[in-house]
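This report covers domain organisation, nonpolar packing and charged side-chain pairs. It begins with the charged pairs.

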Amino acid sequence: MSRIVYVNGQYLPEEEATVSIFDRGFVMGDAVYEVTSVLEGKILEFEGHMTRLARSLSELEMTCDLTRDQWLEIHRELIARNNVTEGMVYLQVSRGNAGDRDFHYPPAGTPPTVVLYTQSKPGLADDPKAKVGIKVISIPDLRWHRRDIKTVQLLYPSMAKMAAEKAGKHDAWFVEDGFVTEGSSNNVYIVKGNKIITRQLSNDILHGVTRASLLKYAAEAQMEIEERPFTIVEAQAADEAFFTSASAFVMPVVEVDDVALNGGKVGPVATRLREIYLDESRKRAI
Ligand code: PDD
């Protein structure tokens with residue numbers, strides 16, 4: 001069955017939804033995005049995603065005059081029209097149709113292109129991978145240096161995921177100057193003793209919405225948190241590892257570059273944090 005999607009103020013069947021071939025998102029990768037999860041038909045972490053969207057837009061001097069309430073209405077309308085109980089809403093704002101290919105930004109007042117659609121994923125919160133954990137490889141972080149802006153320039157992360165798949169693993173961790181930055185589409189953590197270690201925020205990583213909430217919940221649960229970079233060797237000697245993202249929540253990692261962690265089994269800290277995160281997020285879903 002065809003989805004109903006949102007394009008520039010209109011709700012349309014997906015086959016009828018179009019964007020210009022001159023769109024800056026298409027030609028220049030000049031667009032930002034958000035992925036927001038839906039559980040029981042409700043939106044998780046809505047405020048966090050809206051705050052980051054506003055920041056991404058402002059860092060790129062892009063404007064979009066939709067208000068928080070209008071964004072919420074579009075999300076809810078799409079979830080309802082497409083009967084999504086578990087899944088995601090994808091949102092993208094590009095700098096719009098420049099009329100011609102030009103490196104310079106189009107004149108002020110050129111309307112942005114706004115696209116949203118749902119992806120239904122029944123069983124999202126019950127992902128069997130969360131019970132057995134995932135395996136990762138490391139690869140050099142060759143992305144640009146504004147990773148704090150959530151742009152659609154995702155070719156290198158795609159290449160990283162393909163490299164992981166070729167190696168028979170699930171995902172890749174990026175390494176720069178000897179330290180892990182983040183996962184190909186997630187923030188990463190190791191656990192040593194009673195400490196959760198994760199890289200501090202900077203332009204080197206995306207400021208994960210899931211990360212912010214998880215660290216808050218972990219602190220509330222009296223867990224100790226250390227925000228600093230770590231190496232692959234340190235990760236391989238850790239008790240546990242995991243990653244966070246809007247679509248995977250908290251995902252245990254049981255192998256890093258062929259070295260098993262916790263005997264290759266999902267550990268208690270990742271398991272508990274996943275439970276806490278899902279419980280708290282469900283409570284706060286709107
Ligand atoms: N990815 N780091 C990177 C590079 C990411 O692409 C993502 C999210 C995260 C986690 O951010 P959050 O917790 O706000 O989802 C960290 C999304 C899910 C994606 O591209 O599909």
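A salt bridge here is a side-chain nitrogen of Lys or Arg within 4 Å of a carboxyl oxygen of Asp or Glu. A search of the whole structure, which is a predicted model, finds 27 salt bridges. Three of these pairs are set out below with their closest N and O distances.

| Acidic residue | Basic residue | N to O distance |
|---|---|---|
| D171 | K161 | 3.2 Å |
| E227 | R211 | 2.6 Å |
| E234 | R228 | 2.7 Å |

**Salt bridges and burial**

The bridge between D171 and K161 links distant parts of the chain, with D171 in strand β8 (residues 171–176) and K161 in helix α5 (residues 155–166), 10 residues apart. D171 has a relative accessible area of 3% and therefore counts as buried, the cut-off being under 20%. K161, at 32% relative accessibility, is partly exposed.

The bridge between E227 and R211 also joins distant parts of the chain: E227 belongs to strand β12 (residues 224–227) and R211 to helix α6, 16 residues apart. In this pair the basic residue is the buried one, R211 having a relative accessible area of 4%. E227 is partly exposed at 43%.

For the bridge between E234 and R228, both partners fall in the intermediate class: E234 is partly exposed at 27% relative accessibility, and R228 is partly exposed at 24%.

Salt bridges also occur as a network, which links D141, R143, R147, E176 and E182.

**Domains**

The protein is divided into domain 1 (4–124) and domain 2 (129–284). The centres of domain 1 and domain 2, taken over C-alpha atoms, are 26 Å apart. The contact between them takes 23 residues from domain 1 and 22 residues from domain 2.

**Nonpolar cores**

The largest nonpolar core has 27 residues. Within this core, the residues with the most contacts are L39, I196, L214, F242, F249 and L273. At least two core residues come from each of β3 (31–39), β5 (87–94), β10 (187–192), α6 (209–220), β14 (249–256) and α8 (268–284). Helix α8 provides the largest share, 5 residues. Domain 1 (4–124) and domain 2 (129–284) each contribute at least three residues to this core.

What does L273 touch, leaving out residues up to four places away in sequence? The list is I196, L214, A218, M223, F242 and V250. Of the residues with the most contacts inside the core, I196, L214 and F242 are thus among the partners of L273.

Apart from the largest core lies another core, of 24 residues, which includes Y6, V32, L53 and C64.

**Nonpolar surface**

Nonpolar side chains also appear on the surface. I21, F22, F26 and V27 form a nonpolar patch there, and together they have about 410 Å² of accessible area. I21 sits in the loop between β2 (10–13) and α1 (24–28). Why is I21 classed as exposed? Its relative accessible area is 59%, and exposed means over 50%, so I21 belongs to that class.

Definitions and conventions. Residues are numbered from 1 along each chain as its sequence is written. This is a predicted model: local features need pLDDT of at least 70, side-chain atom pairs count only at pLDDT 80 or more; totals for chains, interfaces and linings use all residues. Side-chain values use heavy atoms; hydrogens and water are left out. A nonpolar core is a set of buried Ala, Val, Leu, Ile, Met, Phe, Trp, Tyr and Cys residues joined through side-chain atoms within 4.5 Å. Buried means under 20% relative accessible area, exposed over 50%, partly exposed in between (1.4 Å probe, protein chains only). Helices (H or I, at least four residues) and strands (E, at least two) are DSSP runs, numbered from the N terminus. Domain bounds come from an automatic or database domain assignment. Contact means heavy atoms within 4.5 Å. Patches are made of residues with over 30% relative accessible area and no salt bridge: like charges are joined within 9 Å, nonpolar side chains (Val, Leu, Ile, Met, Phe, Trp, Tyr) within 5 Å. Accessible areas come from the Shrake-Rupley method with a 1.4 Å probe; for residues, only the protein chains shown count as cover.
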